[in-house]
Amino acid sequence: MSTDITTTADAFERRLTHAPRSDADRARLMASPAFGTVFTDHMAHATWTAAEGWQDRRVEPYGPLLLDPAASVLHYGQEIFEGLKAYRHADGSVWTFRPWANAARFATSARRLALPELPAEDFLGAIEALVGVDLAWVPGADETSLYLRPFMFASEAFLGVRPARGVDFLLIASPVGPYFASGVKPVSIWVSQDYNRSGPGGTGAAKCGGNYAASLLPQQEAYQRGCEQVCFLDAATGAQLEELGGMNVFVVYADGRVATPALTGSILEGVTRSSVITLLREAGREVLEGTIRLDDLRAGLTSGNVVEVFACGTAAVVTPIGRLAGEDFDLPVADGAPGAVTTGVRGQLTDIQYGRATDPHGWMYRLA
């Protein structure tokens, strides 16, 4: 998607709160927020009907939503969401990372869930409008950002099984620090061999709540096994790595090659994933998008042929994996410490996002 999108930020009417948090309260809330627990004073909102299309774009006070008990989303789960971040650079300017890619994926998810597509200019317009109003909520400390959560759901009060004719789009924002409370440290992964995240022809390539709901029980199992995250295998064979509960996965081999599962329609096409692939290839590494069999990965970890494993996504950026476990195995990844490829690509990516390095790809989009 082109980066020169004309946004509709001016079309979002500003209906500002009469009770914004004080500077002192805001500073206290932003001091060390746990991920996704603190929210800004406002949210962006627009509605859609089958008769009128998109309308009533506004920025309004953050607060509870009024939903009819028969709202379709509560019964049939017709909803989608996205995740991206706003970064404050050293000069005080505020930028976001590849938002047009998130806008395109949002539209793809909408099509799969039979929801109306939100135009890219409205997607970016909502971000510009909300961040412009709540600019003081963008933190500037190391490893902090303003997490942006656009989402859309079927709000029509109707119990028949069909695509909703009334839909709401919202954007909320949350100042955050590192996704994992431990910071950038290796995490342990439980490989689920009993549950699948998605399957052929399913909604795996869409960013919708049902995929994440399906991951929660195996995620709970991972916690019980002493792991922070769960990795899913493909539903067709039960032998191939697909993705983590909310992140894509990469494997680094001793000869320098890097591999990641191919996009088969049941894996989310991560914006961070594609950025990591670009940076690794520019560094001269061969990046293979294909099949990664669990038994081959286990053999590689045992023999030393696999030297690093890492995960990536918007929330956690790039996260080293130090241990891989399952029902009949428990293997360290090399010495359990973050590897050079993992730390190197993470550093490259975050330096671009925070304005510490040049942006040769034009990935950053200025918001303020």
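Here is a quick tour of two pockets, one helix and a loop glycine in a predicted model.

Let's start with the pockets, side by side.

| Pocket | Volume | Lining residues nearest the centre |
|---|---|---|
| Largest pocket | about 720 Å³ | Arg149, Tyr179, Tyr212, Gly246, Ala315 |
| Second largest pocket | about 230 Å³ | Ala101, Arg105, Thr108, Glu269, Gly270 |

The largest pocket has 35 residues in its lining, and these split into 17 nonpolar, 13 polar and five charged. Helix α5 (209-224) is the top contributor there, with five residues. At least two residues each come from β7 (145-154), β8 (166-176), α5, α6 (271-282) and β15 (306-313).

The second largest pocket has a lining of 13 residues. Two elements, α3 and α6, give two or more residues to that lining, and α3 gives the most, with four. By type, the lining comes out as six nonpolar, four polar and three charged.

So what does α3 look like? It covers residues 99-112, and its 14 residues reach 20 Å from first C-alpha to last, close to the 20 Å expected at 1.5 Å a residue. The helix is mostly covered, with 10 of the 14 residues buried. Among them are Trp100, Phe106, and also Ala101 and Arg105, two names that turn up again close to the centre of the second largest pocket. Just past the helix, Ala114 adopts a positive phi of about 60 degrees.

Finally, Gly362 sits in the loop between α8 (340-353) and β18 (364-366). Is Gly362 buried or partly exposed? It is partly exposed, because its relative accessible area is 31%. Its C-alpha lies 8.3 Å from that of Arg98, although 264 residues separate the two along the chain.

Methods: Residues are numbered from 1 along each chain as its sequence is written. This is a predicted model: local features need pLDDT of at least 70, side-chain atom pairs count only at pLDDT 80 or more; totals for chains, interfaces and linings use all residues. Side-chain values use heavy atoms; hydrogens and water are left out. The expected span of a helix is 1.5 Å times one less than its number of residues. Buried means under 20% relative accessible area, exposed over 50%, partly exposed in between (1.4 Å probe, protein chains only). On a 1 Å grid over the protein atoms alone, a cavity is a set of points where a 1.4 Å probe fits but cannot get out, and a pocket is an open set with protein on both sides within 12 Å along at least five of seven lines; lining residues have an atom within 4 Å of a point. Grid points are joined across faces, edges and corners, and a volume is the space filled by probe spheres set on the points. Ala, Val, Leu, Ile, Met, Phe, Trp, Tyr, Cys and Pro count as nonpolar, Asp, Glu, Lys and Arg as charged, and the others, Gly among them, as polar.
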